[in-house]
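Student: Could you take me through one part of this model up close? I'd like to hear who sits beside whom.

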Amino acid sequence: MTVLDNITKKEFEKLFGMRSGYVLDFSNPSFADFIKTSVGFDPYEKYPEAGSKARTLRAIWDNEPASIVAKLLLEMLDYWKAASAMQNIEVSHNDEILYEELKRKMSDLGATQSLTDDEQQFLQEDFSSIEPQQLEEDPKFQKIIEQRLSEIDKCIKADAPLAVIFLVGSTLEGLLQKVAQQHEPKWISAKNAPRNKRTSQVLPIDSWTLNDFINVAGELSILGRDVQAHATQVRKFRNYIHPLKQQHEKFMPRIETALIAQQVLRAVLRDISAMQAEE
């Protein structure tokens, strides 16, 4: 799973002079040694088909986990800075700005190292083949889901994690409510269906919360256990739509949090698609 957006890739291409196949002033042996020292593997053994140093670096940032990519690129940025100073190369103002921007991006990306192994594994699963038209015959509803998926992508690229979390939460709720309404007898008969505390009657589906939908979807095996667990976490994050609650809990979402939320939505689309294929 690629962890760099297209703009960030272009920025590294420029700063590292990768257009001609080179990366900075590395020779093949020094390039391999630098990467082995930084992240522990020989790039030419792991990506033998890549060929040039530039293509090999592209293969690394397109296939390695965020923690590996961030660590390696941060050290390469430091190498660029140190090599420029030692060789008395005058760095342009624009390149200095670009260097600082890339340092910030990679430092943020490096926070992925604080993710659990389970979260990192979940992020690397590929759900990209699922499309909204596989799930719903209503073209108007399809269009809304497609627009939301596109907007989520834009928010990821714009480094707006809080917006992603809120968009994912509301879209999850809408998708699961739609499925629940289409299969109402099964959903309202579920043990986890929410009930009126006074009458013990099952509440109307249009009054269920996202938590209710996730619990019942898990009970009915519509969502896998891993997806249900991560969806529940996204639901908790969504509670921070209230600024005072966010302040009280000291919740500051990172882009990794947003990536997990986006991955949850993709996984739910996959699970709903699988359920409908079995019907």
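Tutor: Leaving aside residues up to four places away in sequence, Asp271 touches Ile222, Leu223, Gly224 and Val227, where contact means heavy atoms within 4.5 Å. With Gly224 there's a polar link too: the Asp271 side chain reaches that residue's backbone nitrogen at 3.1 Å. A polar contact here is a pair of N or O atoms within 3.5 Å, and within protein one must be able to donate a hydrogen and the other to accept it; residues adjacent in sequence count only if both atoms are side-chain atoms. Asp271 lies in helix H14, residues 255-278; helices are DSSP runs of H or I, at least four residues, numbered from the N terminus. Asp271 counts as buried because its relative accessibility is 9%, and buried means under 20% relative accessible area, with a 1.4 Å probe and protein chains only.

Before going on, bear in mind that this is a predicted model: local features need pLDDT of at least 70, side-chain atom pairs count only at pLDDT 80 or more, and totals for chains, interfaces and linings use all residues. Residues are numbered from 1 along each chain as its sequence is written, and side-chain values use heavy atoms, with hydrogens and water left out.

Now for another acidic side chain, Glu11. Glu11 sits in helix H1, residues 6-15, and at 17% relative accessibility Glu11 counts as buried as well. Not counting residues up to four places away in sequence, Glu11 touches Leu98, Leu102 and Lys105.

Terms used. Helix = DSSP H or I, 4+ residues; strand = E, 2+ residues; numbered from the N terminus. Buried < 20%, exposed > 50% of the residue type's maximum accessible area, 1.4 Å probe, protein only.
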